[in-house]
Amino acid sequence: MPHPASPSLADQIEDLLPQTQCTKCGYNGCRPYAQAIADGNADINQCPPGGAQGIVRLASLLNKKFIPLNPVNGIERPRSVAYVDESLCIGCTLCIQACPVDAIVGAAKQMHTVVTSLCTGCDLCVAPCPVDCIVMYPVNDDTSGWDAWSQMDADDARTRHDLRTQRLRREAEANDARLAAKAVAKMQEVTQEVSVTSDEQAEKERKRAIIAAAIERARAKAAASTEATAPDTPKKDA
């Protein structure tokens, strides 16, 4: 998403990251990693997709010395993209759920396909596949890091990642709203039940207590979500 007129240090760092959202840095995406660097909790050498050039970029911004890529986070490799073997795909959708930039299309119980022009090469779709039908193919012979990835590629990937995050949030909120409405309707139904015996009255109150607790949890979750997305609060990680 566009940064404010006066970007924070984390914003500036994020702008220099490749936006593959691969999590190899040890954080859940490029933004959390940028924030960790800004907070002094992470080094500038934890991004394999950015490679040596990415470290140079960050070192220049932060006025630090260049340090080699940390092997704990991986090694700099030629850029690759995911490929789904259509003959093996069972349509489980796990790869679609794992893709951070919506680069995989398909539907449940139908074959999936990777849109290679949108794939960031994060390889997060490989491990969840239960039938091992996804492989990573190099885009070229040796080019890696920012030699194989442009700023336009990074900007586009960040936009898709942000749009996906927003969509998932909307879907979760809509689902929560449906469940809350269902709970309210159930409460009304239970309240209208006629209880004759003490046992029936006790069962009625038990049901009401369970539903009331569910409604309260839904309200608390909605309140927390509203607070997390308020304009005057720091940006939350996806």
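Here is a short chat between a visitor and a guide about the structure above.

Visitor: What kind of model is this, and how are residues numbered?
Guide: This is a predicted model, where local features need pLDDT of at least 70, side-chain atom pairs count only at pLDDT 80 or more, and totals for chains, interfaces and linings use all residues. Side-chain values use heavy atoms, with hydrogens and water left out, and residues are numbered from 1 along each chain as its sequence is written.

Visitor: How many salt bridges does a search of the whole structure find?
Guide: A salt bridge here is a side-chain nitrogen of Lys or Arg within 4 Å of a carboxyl oxygen of Asp or Glu. Searching the whole structure with that rule gives a count of eleven.

Visitor: Lys24 and Asp123 meet in a salt bridge, so how many residues apart in sequence are the parts that the pair ties together?
Guide: The side chains of Lys24 and Asp123 meet at 3.2 Å, N to O. Helices (H or I, at least four residues) and strands (E, at least two) are DSSP runs, numbered from the N terminus. Lys24 lies in the loop between helix H1 (9–15) and helix H2 (30–38), and Asp123 in the loop between strand E3 (113–114) and E4, so the parts tied together are apart in sequence by 99 residues.

Visitor: Is Asp123 buried, partly exposed or exposed?
Guide: Buried means under 20% relative accessible area, exposed over 50%, and partly exposed in between (1.4 Å probe, protein chains only). Asp123 has 33% relative accessibility, so this residue counts as partly exposed.

Visitor: Which helix holds Arg164, the salt-bridge partner of Asp102?
Guide: The side chains of Asp102 and Arg164 meet at 3.5 Å, N to O. Asp102 is partly exposed at 30% relative accessibility, whereas Arg164 is buried at 13%. Asp102 lies in the loop between helix H4 (94–98) and strand E2 (104–105), and the pair ties together parts 62 residues apart in sequence, because Arg164 lies in helix H5 (residues 151–191).

Visitor: Where do Arg206 and Glu203 both lie?
Guide: Their side chains meet in a salt bridge of 2.7 Å, N to O. Arg206 is partly exposed at 43% relative accessibility, and Glu203 is partly exposed at 32%. They sit three residues apart, about one turn of the helix, and that helix is H6 (residues 198–228).

Visitor: Which residues do salt bridges that share partners join into one network?
Guide: Some salt bridges have partners in common, and that links their residues up. The network consists of Asp11, Glu14, Asp15, Arg31 and Arg158.

Visitor: What is the volume of the largest cavity?
Guide: Rolling a probe the size of a water molecule over the atoms shows where empty space is left. On a 1 Å grid over the protein atoms alone, a cavity is a set of points where a 1.4 Å probe fits but cannot get out, and lining residues have an atom within 4 Å of a point. The largest cavity is lined by 15 residues, with Ala82, Cys99, Cys119, Cys122 and Cys125 nearest its centre. Grid points are joined across faces, edges and corners, and the space filled by probe spheres set on them comes to about 90 Å³.

Visitor: Which residues are the closest to the centre of the second largest cavity?
Guide: About 70 Å³ of space lies in the second largest cavity. Of the 14 residues that line it, the closest to its centre are Thr20, Cys22, Cys25, Cys30 and Cys47.

Visitor: How much space lies in the second largest pocket?
Guide: A pocket is an open set of points with protein on both sides within 12 Å along at least five of seven lines. For the second largest pocket, the space is about 400 Å³.

Visitor: Is Gln19 buried or exposed?
Guide: Gln19 lies in the loop between H1 and H2. Its phi is near 65°, a positive value in a residue other than glycine. With 1% relative accessibility, Gln19 counts as buried.

Visitor: Where is Thr93?
Guide: Thr93 also has a positive phi, near 75°, and is a residue other than glycine. Thr93 is buried, with a relative accessible area of 16%. Its place is in the loop between strand E1 (80–84) and H4.
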